[in-house]
Amino acid sequence: MRGTGLAGPGHRRGVTSLRRTIPVLALVGMCILSLSVTRTAGADPAADTVETGFAIPFAGAPGYESLAPTQVTNPGQLNQPLGQQAADEIAGQVGLTRADALSEQQYRDLVTGGGVGGSRDAAEVIDACAQILTNTNGRPLYSDVAGQSTPSVLASYGLYVNASGLLESPANADAPTRQVNSLIAPGGFVGTWLRNNDATRTLIALYRSAYTVQAVYGFASQQISGAAQLVTNTKGGVSSEVGMSMAPPLWIVNFALLYVLNPSVAAAMPAHWAPIPSAVADAIHSSPTGQVPFSDYASYFQ
């Protein structure tokens, strides 16, 4: 959440009023805050509903589905980042602009534990979330895999390898992208930090964007997806699975959060999604924790 400063009592009253009208549900992710809204998002739907193969609630709010990543059609698209131009265009269609984002100094303070009321522990969680959600080409994650520091790039699959070498969905209960919920919930660390550091405008802009309505669909999606937190896509008679973070509403929620944090970070999110190899998806579903050793399945991603 990052925005240029708009401080002052009037803006704080606006956020307080907004909180009263938007009861909040717990959701995953740094990126995944769920708001049960009593009004529609400020942004208008960007396009007509398209057939992507995702069913409700995984398709998200009608009119926004076309903004989310499409399935890869050639190997060169795998784990490719959006790029800044595409990120700015998508931001505009969900109701955000660069003016809503944090200043460079505010961003640095938030992710390093600085600013008024900063926290190093919170900053580490937020930074880890951003890294997981932007695990695209040129931005590998390093994990301990069979005693070796091993890089992995898996964002298009909606998967990542945690520090201990376990392959999982970013929506897994173990992931920072889920544990961050307590930080981003209203009344939590992030909202308090934004108000204390002249970034109230960012908070208001986020709640007025498509983030708000999409978060409701994201919350519903997660509640029915068990420990695996994978999503089934069926198109043209072919079914495949992808991690929860690549389902349209979750991807847009995470995009909005990262964009207001730092537009250049949002630009590193994956531009396309890829089906998880069936043997890997089956193993994740069979695991009671939704995790499997990456060392056992790394060859499926080479």
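R98 comes out as partly exposed, because its relative accessibility is 46% and the partly exposed class sits between the buried cut-off of under 20% and the exposed cut-off of over 50%. Keep in mind that this is a predicted model. R98 also takes part in a salt bridge with D88, and the structure holds 1 salt bridge.

**The D88–R98 pair**
- The side chains of D88 and R98 meet at 3.4 Å, N to O, which makes the cut because a salt bridge needs the nitrogen within 4 Å of a carboxyl oxygen.
- This contact links distant parts of the chain: D88 sits in helix α2 (residues 84–94), while R98 lies in the loop between α2 and α3 (104–112), 10 residues apart.
- D88 has 26% relative accessibility, so D88 is partly exposed too.
- As a general point, oppositely charged side chains can pair when their charged atoms come close.

**The β6-β7-β11 sheet**
- Three strands, in the order β6-β7-β11, make up an open sheet with antiparallel pairing.
- β6 (160–161) and β11 (292–293) are the edge strands; each has a single partner strand, so one side of each has no neighbour in the sheet.
- β6 and β7 (residues 166–168) run antiparallel and are joined by 2 bridges.
- Looking for a specific contact here? Y160 has E168 in β7 as its bridge partner.

**Q148 in β5**
- Q148 belongs to strand β5, which covers residues 148–152.
- Q148 counts as exposed, because its relative accessibility is 54% and the cut-off for exposed is over 50%.
- Q148 and G165 are 17 residues apart along the chain, and their C-alpha atoms are separated by 9.5 Å.

Conventions
Residues numbered from 1 in each chain as written. Predicted model: local features only at pLDDT ≥ 70, side-chain atom pairs only at ≥ 80, totals over all residues. Heavy atoms only, no water. Pairing = 2+ DSSP bridges. Helix = DSSP H or I, 4+ residues; strand = E, 2+ residues; numbered from the N terminus. Buried < 20%, exposed > 50% of the residue type's maximum accessible area, 1.4 Å probe, protein only.
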